[in-house]
Amino acid sequence: MFVYPIVQLYTFELACCLFLSIEDSDHISKLSLKFDEFLKGIIGLPLNIPGTRFHRAMKAADVIRNEIEMILKKRKVDLEEKRASPTQDLLSHMLVTSDPNGRFMTEMEIIDNILLLLFAGHDSSRSVLSLVMKYLGQLPQVYEHVLEG
């Protein structure tokens, strides 16, 4: 299927933009490769032994976490120096928003939440969009109706 890889990259790009304000396509492509490695091994037998898919997934997750951490540290400085907006993206929002008790999330909590949201948002969106395109291709009368609406 030709649609699936294109939708996969698009949804990852969209998530990177909305969650982290990453818009550089080279940066996104490098992250996407690690993310794909992460996805391939995260669901399966959790044996963290070199050579297993799970081990490669954990290494990829560490690379992604490190990348998010670098972005987070830069964003903190940008927020303090008013070069970034608190409403710029999800990362900024998480950095400046406390819970009802006044507690802010730790850097590691933010990083793990972003990684989780990348996984959840990317995977489900990718599947749904691919299926919608598949069915629109199989049902030309519905496709025409969608174009009219």
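In which helix is the place of Cys 16? Cys 16 sits in helix α1, and I will come back to that residue shortly. A word on the source before that: what you have in front of you is a predicted model.

Let me begin with the overall picture. The protein has six helices and zero strands. Read from the N terminus, the order of elements is α-α-α-α-α-α. The C-alpha atoms fit a box of roughly 55 × 45 × 35 Å along the principal axes. The protein has 149 residues, and 29% of them are buried. About 9600 Å² is exposed, and carbon and sulfur atoms supply 62% of that area. Taking the contacts with a separation of 6 or more, 53% are between residues 24 or more positions apart.

Now to helix α1, which covers residues 3–20. Its end C-alpha atoms lie 25 Å apart, and this agrees with the expected 26 Å because 18 residues at 1.5 Å a residue should span that length. The buried residues in α1 are Val 7, Gln 8, Thr 11, Phe 12, Ala 15, Cys 16, Phe 19 and Leu 20. To read a list like that, remember that an α-helix has 3.6 residues a turn, so residues three or four places apart point the same way.

Back to Cys 16. Is Cys 16 buried or exposed? Cys 16 has a relative accessible area of 0%, so it counts as buried. Setting aside neighbours within four places in sequence, Cys 16 is in contact with Ser 21, Ile 22, Ile 28, Leu 31 and Leu 118. Of those partners, Ile 28 and Leu 31 are among the buried residues of α2. There is also a long-range pair to note: Cys 16 and Asp 89 are 73 residues apart along the chain, and their C-alpha atoms are separated by 9.6 Å.

What follows α1? Ser 21 does, with a positive phi near 60 degrees. Ser 21 is a residue other than glycine, and it lies in the loop between α1 and α2. Its relative accessible area is 27%, so Ser 21 is partly exposed.

Next, helix α2, residues 25–42. α2 has 18 residues and reaches 25 Å from its first C-alpha to its last, close to the 26 Å expected. Its buried residues are Ile 28, Leu 31, Ser 32, Phe 35, Phe 38, Leu 39 and Gly 41. After α2 comes Gly 44, and here too phi is positive, near 160 degrees.

Further along there is another positive phi. Lys 82 has a phi of about 60 degrees although it is not a glycine. Lys 82 lies in the loop between α3, residues 53–80, and α4. With 73% relative accessibility, Lys 82 counts as exposed.

That brings us to α4, residues 90–96, where Ser 92 is found. What does the side chain of Ser 92 reach? It reaches the backbone oxygen of Ser 85, at 3.3 Å. Ser 92 has a relative accessible area of 0%, and is therefore buried. Beyond its neighbours within four places in sequence, Ser 92 is in contact with Arg 75, Leu 79, Ser 85 and Pro 86.

On to α5, residues 107–138. I will take two residues from this helix. One is Ile 111, whose place is in α5. Ile 111 is buried, with a relative accessible area of 2%. Leaving out neighbours within four places in sequence, its contacts are Arg 65, Ile 68, Glu 69 and Leu 72. Ile 111 and Asn 66 are 45 residues apart in sequence, and 8.7 Å apart in space, C-alpha to C-alpha.

The other residue is Tyr 135, also found in α5. At 43% relative accessibility, Tyr 135 counts as partly exposed. Which residues join Tyr 135 in making a nonpolar surface patch? They are Leu 131, Leu 139, Val 142 and Val 146, and the patch comes to about 410 Å². Both α5 and α6, the latter being residues 140–148, supply at least two residues of this patch each.

To recap, these were the residues I would look at on the screen: Cys 16, buried in the protein; Ser 92, with its side chain at 3.3 Å from the backbone oxygen of Ser 85; and Tyr 135, a member of the nonpolar patch.

Technical notes:
Residues are numbered from 1 along each chain as its sequence is written. This is a predicted model: local features need pLDDT of at least 70, side-chain atom pairs count only at pLDDT 80 or more; totals for chains, interfaces and linings use all residues. Side-chain values use heavy atoms; hydrogens and water are left out. Patches are made of residues with over 30% relative accessible area and no salt bridge: like charges are joined within 9 Å, nonpolar side chains (Val, Leu, Ile, Met, Phe, Trp, Tyr) within 5 Å. Accessible areas come from the Shrake-Rupley method with a 1.4 Å probe; for residues, only the protein chains shown count as cover. A salt bridge is a side-chain nitrogen of Lys or Arg within 4 Å of a carboxyl oxygen of Asp or Glu. Helices (H or I, at least four residues) and strands (E, at least two) are DSSP runs, numbered from the N terminus. Buried means under 20% relative accessible area, exposed over 50%, partly exposed in between (1.4 Å probe, protein chains only). The expected span of a helix is 1.5 Å times one less than its number of residues. A polar contact is a pair of N or O atoms within 3.5 Å; within protein, one must be able to donate a hydrogen and the other to accept it, and residues adjacent in sequence count only if both atoms are side-chain atoms. Contact means heavy atoms within 4.5 Å.
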